[in-house]
Amino acid sequence: MFEARDRIGGRVLSQNGFDLGPTWYWPETETTITQLVDQLGLRTFSQYTAGDLMLERQFGVIERHTLPSGHTVPSMRLVGGMASLTTALAATLPAGTIQLKSTVTSIHQTENEVSIELETGRSQTFKYVILAIPPRLVSRISFQPELSETTKSKLANTPTWMAGQAKVLAVYDRPFWRDSGQSGQGMSWAGVLQEIHDASQPGGLAALFGFFRLSATERSVFDQDELNRRVIDQLVRLFGEEARQPRDVLYVDWSSDRHTATVRDEEPLTDFPVYQPIALDPPWEGRLSLAGTETDSLFGGHIEGALRAAERVVEHL
């Protein structure tokens with residue numbers, strides 16, 4: 001397994017148990033990840049949703065709403081963050097299988113094998129290759145024989161899920177918002193954050209995390225300190241003065257991650273993309289397949305989709 005980053009996981013990223021990438025899975029519908037979590041013996045807990053939602057339709061005008069019971073589909077999280085899953089999977093592999101800081105630059109067919117060349121100039125041959133990267137990033141690899149223009153267009157027109165987003169977490173000693181019957185959920189049509197949730201770990205530090213309402217271009221206007229200040233000001237408006245002094249603020253902008261996003265991914269998505277398997281050209285049949293969450297027709301964008309895509313490709317082999 002060649003991994004361009006200096007860590008495993010891709011968009012799965014946890015810091016001190018807090019998720020800066022995917023956070024949830026839904027056991028009622030997502031059976032693949034549910035079974036895998038059980039097989040690996042990972043500890044889970046339910047997303048905290050008890051209490052009221054805070055809504056900001058206009059800047060500074062805060063509404064408090066008690067939502068009806070059962071208003072959300074129950075979601076689960078992993079103790080230690082979603083990286084617990086990728087770490088546990090990696091531990092099942094033979095030593096040396098995963099090679100970090102190994103960016104693939106070209107994939108060429110030989111008579112009976114497929115030759116992969118890395119950025120370092122090193123090459124290696126295999127019987128079969130699976131690409132598990134966002135489809136738009138495939139264009140950074142040189143192919144021989146070349147991919148057709150039709151295939152290149154399909155790849156380029158497949159949005160990378162959440163690639164234009166940024167995620168921020170404000171970490172606190174305790175979940176003070178629960179004291180006043182707030183769930184930690186917030187929605188805003190005026191602040192820098194659009195959607196906020198309780199990100200606390202059981203028995204550990206508390207946190208609120210948010211997805212940005214601002215696009216990648218709009219975020220780039222602010223330096224990190226100013227963006228953090230606006231985030232904290234919004235949390236104070238929604239959850240009170242105790243939100244003013246977090247012990248830490250964690251932030252990742254996926255749109256600036258070269259291993260995730262392209263320039264086209266900076267454009268905000270207006271609808272959920274229609275994802276589906278992407279067939280490569282006939283000369284590559286039996287040699288090369290494309291997996292990854294953007295190639296699953298039912299759960300594209302979720303970890304469930306990534307796992308289903310992997311199973312689909314392996315079953316085909």
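Before I turn to the strands, let me say that two strands are counted as a pair here if DSSP finds at least two bridges between them. With that in mind, and remembering that this is a predicted model, we can look at strand β7, residues 104-109, which pairs with β11 in the parallel sense over three bridges. Within that pairing, His-108 stands opposite Gln-144 in β11.

These two strands belong to an open sheet of four strands, and if you follow the sheet across, the order is β9-β8-β7-β11, with mixed pairing. At the edges are β9, covering 123-126, and β11, covering 142-144, each of which pairs on one side only. From one strand to the next, the twist averages 15°.

Let me stay for a moment with the edge strand β9, because that is where Gln-124 is found, and ask whether Gln-124 is buried, partly exposed or exposed. Its relative accessibility is 30%, and since the partly exposed class lies between under 20% for buried and over 50% for exposed, Gln-124 counts as partly exposed. Leaving aside residues up to four places away in sequence, Gln-124 touches Phe-2, Val-114, Ser-115 and Ile-116. Gln-124 and Asp-38 are 86 residues apart in sequence, and their C-alpha atoms are 35 Å apart in space.

Now to the helices. In general, two packed helices are described by the angle between their axes and the distance between the axes. For helix α1, residues 31-40, and helix α2, residues 83-90, the axes come within 11 Å and cross at roughly 60°, and α1 and α2 are therefore oblique to each other. The crossing of α1 and α2 is left-handed.

Which residues meet where α1 and α2 are in contact? From α1 there are Ile-33, Leu-36 and Leu-40, and from α2 there are Leu-85, Ala-88 and Leu-89. Sorted by class, this contact has six nonpolar residues, with no polar and no charged ones. As a general point about such helices, an α-helix has 3.6 residues a turn, so residues three or four places apart point the same way.

Looking at α1 on its own, we find that Thr-32, Ile-33, Thr-34, Leu-36 and Val-37 are buried. The buried residues of α1 pack against α2, as well as against strand β3 at 44-46, strand β6 at 76-78 and helix α6 at 303-316. Finally, just after α1 comes Gly-41, whose phi is positive, near 70°.

How values were computed. Residues numbered from 1 in each chain as written. Predicted model: local features only at pLDDT ≥ 70, side-chain atom pairs only at ≥ 80, totals over all residues. Heavy atoms only, no water. Axes fitted to C-alpha atoms, helices over the stretch in contact; angles between N-to-C directions. Parallel < 35°, antiparallel > 145°, perpendicular 65-115°, else oblique. Left-handed = near helix turned anticlockwise from the far one by under 90°. Contact = heavy atoms within 4.5 Å. Nonpolar A, V, L, I, M, F, W, Y, C, P; charged D, E, K, R; others polar. Buried < 20%, exposed > 50% of the residue type's maximum accessible area, 1.4 Å probe, protein only.
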